[in-house]
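Student: Hey, got a minute to walk me through this one? I'd like to start with the ligand and then get to the fold.
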Amino acid sequence: MSGDATEGQEVVWEAGKNTHENIIYSCFGGMSNTGVTAALASLEVVKTLGLQKVAIGCLGGLPTQVVPVYTKTAAADRVVTVDGCPFECGRKVVEQAGFEIWRSLVLTRDIGMTKKPLNEDVGQGKGLDAYILQEEVAQAKEAIIAALAD
Ligand code: SF4
């Protein structure tokens, strides 16, 4: 953990108690199919494994130094990052916060996704569903579960 977490916040959670065993930090790049798939797959993992086993960390709470986000992450057995594309925003933010990453997934690398920006077809009436393949969400979900179990 690096830096001073913001002072003066009410911390209602005590380190080591009632926490999640593992934390996923997923990018949520809502401007591309890869980022959306990373987020949807991460949610599916939490729904399947349950909140005792895993939760999704608040990625924005790291650079803003939100105390409960830091303490819950520090208490977790494993931190897995899930990024849609090679920019690896999630991994970089988690590393900059000083946390050790158990496994780092990149969907373009690890399940062979092709990144598609969502703005390219604006004006053609395509909706979000046209960009999101359920097979890729399922593949990403299985890759995350495997990474947590390694
Ligand atoms: S890793 Fe790629 S898809 Fe995810 S937020 Fe960053 S740029 Fe977007």
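Student: How do the residues of the shell around the ligand divide into nonpolar, polar and charged?
Tutor: Keep in mind that this is a predicted model. The shell has four nonpolar residues, five polar ones and two charged ones.
Student: Which residues are they, then?
Tutor: Going along the sequence, the ligand is surrounded by Cys 27, Gly 29, Ser 32, Thr 34 and Gly 35, and also by Asp 83, Gly 84, Cys 85, Phe 87, Glu 88 and Cys 89.
Student: OK, on to the sheet. In what order do the strands come?
Tutor: The order is β2-β1-β3-β4, in an open sheet of four strands with parallel pairing. At the edges sit β2 (54-56) and β4, each of which pairs on one side only. On average, neighbouring strands in this sheet are turned by 20° against each other, direction ignored.
Student: How many bridges join β1 to β2?
Tutor: Three, between strand β1 (residues 22-26) and β2, and the two run parallel. One pair to look for is Asn 22 with its bridge partner in β2, Val 54.
Student: And over how many bridges do β3 and β4 pair?
Tutor: Four, again in the parallel sense, with β3 covering residues 78-83 and β4 residues 103-106.
Student: What stands opposite Asp 83 in β4?
Tutor: That's Val 106. Asp 83 also turns up among the residues surrounding the ligand.
Student: Which helix makes a β-α-β unit with β3 and β4?
Tutor: Helix α3, residues 89-96, and the unit is right-handed. Cys 89, where α3 begins, is another of the residues around the ligand.
Student: Switching to helix packing: at what angle do α1 and α5 pack?
Tutor: About 60°, with the axes of α1 (residues 33-49) and α5 (residues 134-149) 8 Å apart. The two helices are therefore oblique to each other.
Student: Is that crossing left-handed or right-handed?
Tutor: Right-handed, as α1 passes α5.

Key. Residues numbered from 1 in each chain as written. Predicted model: local features only at pLDDT ≥ 70, side-chain atom pairs only at ≥ 80, totals over all residues. Near = placed C-beta within 6 Å. Nonpolar A, V, L, I, M, F, W, Y, C, P; charged D, E, K, R; others polar. Pairing = 2+ DSSP bridges. Right-handed = clockwise from strand over helix to strand, strands pointing away. Axes fitted to C-alpha atoms, helices over the stretch in contact; angles between N-to-C directions. Parallel < 35°, antiparallel > 145°, perpendicular 65-115°, else oblique. Left-handed = near helix turned anticlockwise from the far one by under 90°.
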